[in-house]
Amino acid sequence: MITCRNIKKCACLKVECVNHSKCCACVVKHRETDSLPYCLFLDNGGDKSVANYYEVLKKRFQNKEEKSLK
């Protein structure tokens, strides 16, 4: 079991999770499941996969680029 002193106010909506507010344990769990913690990806639309994260980032940067060209 991970002993972590890094306990913070958590942005995650899954308050029943055993890792809720335990940042170190949360990061380890998400690394093992190839997903992102909610606190790092608040606009995930429910899909915390790395593939969705890149798709959202791609759209975000494309929108910024389009706006800067105008």
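## Burial and the chain as a whole

A residue is called buried when its relative accessible area is under 20%, exposed when that area is over 50%, and partly exposed in between. Tyr54, with a relative accessible area of 54%, is therefore exposed, and the terms recur below for other residues of this predicted model.

The protein chain contains two helices and zero strands. Of its 70 residues, 21% count as buried. Among the contacts in the chain with a separation of 6 or more, 13% are accounted for by residues 24 or more positions apart.

## The segment before α1

His20 lies in the segment that precedes the helix α1, which spans 23-32. The side chain of His20 reaches back along the chain to the backbone oxygen of Lys14, at 3.4 Å. When residues up to four places away in sequence are not counted, His20 touches Cys10, Cys12, Lys14 and Val15, so that Lys14 appears both in this list of contacts and as the partner of the His20 side chain, given that contact means heavy atoms within 4.5 Å.

Ser21 is found in the segment before α1 as well. The backbone of Ser21 has a positive phi of about 75 degrees, although Ser21 is not a glycine. With a relative accessibility of 16%, Ser21 counts as buried, because the limit for that class is set at under 20%.

## The loop between α1 and α2

The loop that leads from α1 to α2, the helix at 50-69, holds Asp34. Asp34 is not a glycine, and yet it has a positive phi, here of about 55 degrees. The relative accessible area of Asp34 is 56%, which means that this residue is exposed, since the exposed class begins over 50%.

Ser35 is also found in the loop between α1 and α2, but at 16% relative accessibility Ser35 counts as buried. The side chain of Ser35 takes part in a polar contact of 2.7 Å with the side chain of His30, and in another polar contact, of 2.9 Å, with the side chain of Thr33. Once its neighbours within four places in sequence are left aside, Ser35 is in contact with His30 and Lys48.

## The aromatic pair

The structure holds one aromatic pair. This pair is formed by Tyr53 and Tyr54, whose rings lie 5.9 Å apart from centre to centre, with 55 degrees between the planes, an arrangement described as tilted. The angle falls in the tilted class because planes under 30 degrees apart would count as stacked and planes over 60 as edge-to-face.

How exposed are the two partners, Tyr53 and Tyr54? Tyr53 has a relative accessible area of 24% and is partly exposed, whereas Tyr54, at 54%, is exposed.

## The largest pocket

About 290 Å³ of space lies in the largest pocket. The pocket is lined by 21 residues, and those closest to its centre are Cys10, Cys12, Cys26, Pro37 and Cys39. Two of these names, Cys10 and Cys12, have already been met among the residues that His20 touches.

By residue class, the lining of the largest pocket divides into eleven nonpolar, four polar and six charged residues. Cysteine and proline count as nonpolar in this grouping, so the five residues closest to the centre, Cys10, Cys12, Cys26, Pro37 and Cys39, belong to the nonpolar part of the lining.

Technical notes:
Residues numbered from 1 in each chain as written. Predicted model: local features only at pLDDT ≥ 70, side-chain atom pairs only at ≥ 80, totals over all residues. Heavy atoms only, no water. Helix = DSSP H or I, 4+ residues; strand = E, 2+ residues; numbered from the N terminus. Polar contact = N/O pair within 3.5 Å; in protein donor to acceptor, adjacent residues only side chain to side chain. Buried < 20%, exposed > 50% of the residue type's maximum accessible area, 1.4 Å probe, protein only. Phe/Tyr/Trp six-rings, centres within 6.5 Å; stacked < 30°, edge-to-face > 60°. 1 Å grid on protein atoms, 1.4 Å probe; cavity = no way out; pocket = protein on both sides within 12 Å on 5 of 7 lines; lining within 4 Å. Points joined across faces, edges and corners; volume = space filled by probe spheres on them.
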